[in-house]
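Colleague: I am new to this one and would like to go through it slowly with you. Could you show it to me before we begin?

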Amino acid sequence: GIDDHIYIYSNKVELACNDGAQECISIAKCNTFEVTRNEVFNGGPGTNGGEGIDCKFGSTSGTIAYNNVHDLSRQGLYADAWTMATSDLDYYGNIVHDCQFGLGAASEQGGELGNVSFHDNLVYDCEGPGMYILMSAGPMHDLYFINNTINHTGTSWGQGMWLNGPDA
């Protein structure tokens with residue numbers, strides 16, 4: 001079932017998902033949640049997973065704010081519908097640096113992703129794009145990237161923002 005009022009607040013998450021198949025913090029099938037003021041860092045090689053904070057797979061009405069995500073070999077903050085409708089996510093005031101990617105949105109396996117806002121975040125020193133929309137196997141709508149500061153991203157490839165897929 002769907003859980004209500006989940007709070008993940010002020011944790012240090014280090015070496016989590018050390019080459020596992022998911023993320024350091026995964027939010028799936030949750031309704032009304034907050035992930036705030038956490039530090040997520042020093043992930044493993046990222047062969048199978050290891051993203052920072054991912055809200056996905058049927059989650060709705062979530063706030064992801066004031067987190068510090070860094071030194072990961074995968075993306076920092078991510079919204080992915082996967083196979084279930086995922087919506088109403090608000091990412092703001094976060095700092096992401098020294099990751100493969102910064103802020104991202106996708107529907108990897110066909111679920112609908114909608115009403116997702118990335119605003120007032122700081123992203124810097126990432127190998128790939130600071131912001132991206134990719135692998136849109138499912139419908140995506142109302143994705144907002146507003147007033148983010150992106151600096152020195154695309155150091156190995158990519159650029160400030162990368163859009164890939166028909167709904168991007």
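**Sheets, strands and single residues**

Colleague: In what order do the strands of the open sheet that includes strand 3 and strand 18 follow one another?
Modeller: Please keep in mind throughout that this is a predicted model. The sheet is open and is built from 6 strands whose pairing is parallel. Strands in a sheet are held together by backbone hydrogen bonds, in a parallel or an antiparallel manner. Read across this sheet, the order is 3-6-9-12-15-18.

Colleague: Which strands form the edges of that sheet, and what is its average twist from one strand to the next?
Modeller: An edge strand here is one that pairs on one side only, and this applies to strand 3 (23–28) and to strand 18 (161–163). Going from one strand to the next, the twist averages 15 degrees.

Colleague: Which residue of strand 12 stands opposite Leu 77?
Modeller: Strand 9, with residues 77–80, and strand 12, with residues 103–107, run parallel and are joined by 4 bridges. Within strand 12, the residue standing opposite Leu 77 is Leu 103.

Colleague: What is the order of the open sheet that includes strand 2 and strand 17, and by how many degrees are its neighbouring strands turned on average?
Modeller: This open sheet has 6 strands with parallel pairing, in the order 2-5-8-11-14-17. Strand 2 (12–14) and strand 17 (149–153) lie at the edges, each pairing on one side only. With direction ignored, neighbouring strands of this sheet are turned against each other by an average of 5 degrees.

Colleague: Which residue in strand 14 stands opposite Ile 95?
Modeller: Strand 11 (residues 95–97) runs parallel to strand 14 (residues 122–126), and 3 bridges join them. Opposite Ile 95, in strand 14, stands Leu 122.

Colleague: Stepping back to the whole protein, how many helices and strands are there, and why can it be called as compact as a globular protein of that length?
Modeller: The secondary structure comes to 0 helices and 18 strands. For 168 residues the globule rule gives 15 Å, and because the radius of gyration is close to that value, the protein is as compact as a globular protein of that length; the radius of gyration is 14 Å.

Colleague: What share of the contacts with a separation of 6 or more joins residues 24 or more positions apart?
Modeller: Along the principal axes, the C-alpha atoms fill a box of roughly 40 × 35 × 30 Å, and 47% of the 168 residues count as buried. Among contacts with a separation of 6 or more, the share from residues 24 or more positions apart is 85%.

Colleague: Is Thr 36 buried or exposed, and which residues is it in contact with beyond its neighbours within four places in sequence?
Modeller: Thr 36 lies in strand 4, which covers residues 30–36. Buried means under 20% relative accessible area, and because Thr 36 has 10% relative accessibility, it counts as buried. Leaving aside neighbours within four places in sequence, Thr 36 is in contact with Ile 8, Tyr 9, Ser 10, Ala 65 and Asn 67.

Colleague: What distance separates the C-alpha atoms of Thr 32 and Gly 62?
Modeller: Thr 32 also lies in strand 4, and with 29% relative accessibility it counts as partly exposed. Although Thr 32 and Gly 62 are 30 residues apart along the chain, their C-alpha atoms are separated by 5.4 Å.

Colleague: How many disulfides does a search of the whole structure find?
Modeller: A disulfide is a covalent bond joining the sulfur atoms of two cysteines. The cut-off for such a pair of sulfur atoms is 2.5 Å, whereas the sulfur nearest to that of Cys 99 is that of Cys 126, 5.3 Å away, and Cys 99 is in no disulfide. Cys 99 is buried at 2% relative accessible area, and Cys 126 is buried at 0%. The number of disulfides found in the whole structure is 0.

Colleague: Where is Phe 57 found, and what is the phi of Asp 88?
Modeller: Most residues other than glycine have a negative phi. Phe 57, however, has a positive phi near 50 degrees, and Phe 57 is found in the loop between strand 6 (51–56) and strand 7 (60–65). Asp 88 lies in strand 10 (residues 86–92) and is partly exposed, with a relative accessible area of 34%. Although Asp 88 is not a glycine, its phi is positive, at about 60 degrees.

Technical notes: Residues are numbered from 1 along each chain as its sequence is written. This is a predicted model: local features need pLDDT of at least 70, side-chain atom pairs count only at pLDDT 80 or more; totals for chains, interfaces and linings use all residues. Side-chain values use heavy atoms; hydrogens and water are left out. Two strands pair if DSSP finds at least two bridges between them. Helices (H or I, at least four residues) and strands (E, at least two) are DSSP runs, numbered from the N terminus. Axes are lines fitted to C-alpha atoms, for helices over the stretch in contact, and angles run from 0 to 180 degrees between N-to-C directions. Buried means under 20% relative accessible area, exposed over 50%, partly exposed in between (1.4 Å probe, protein chains only). Contact means heavy atoms within 4.5 Å. The radius of gyration is taken over C-alpha atoms; the globule rule is 2.2 Å times the number of residues to the power 0.38.
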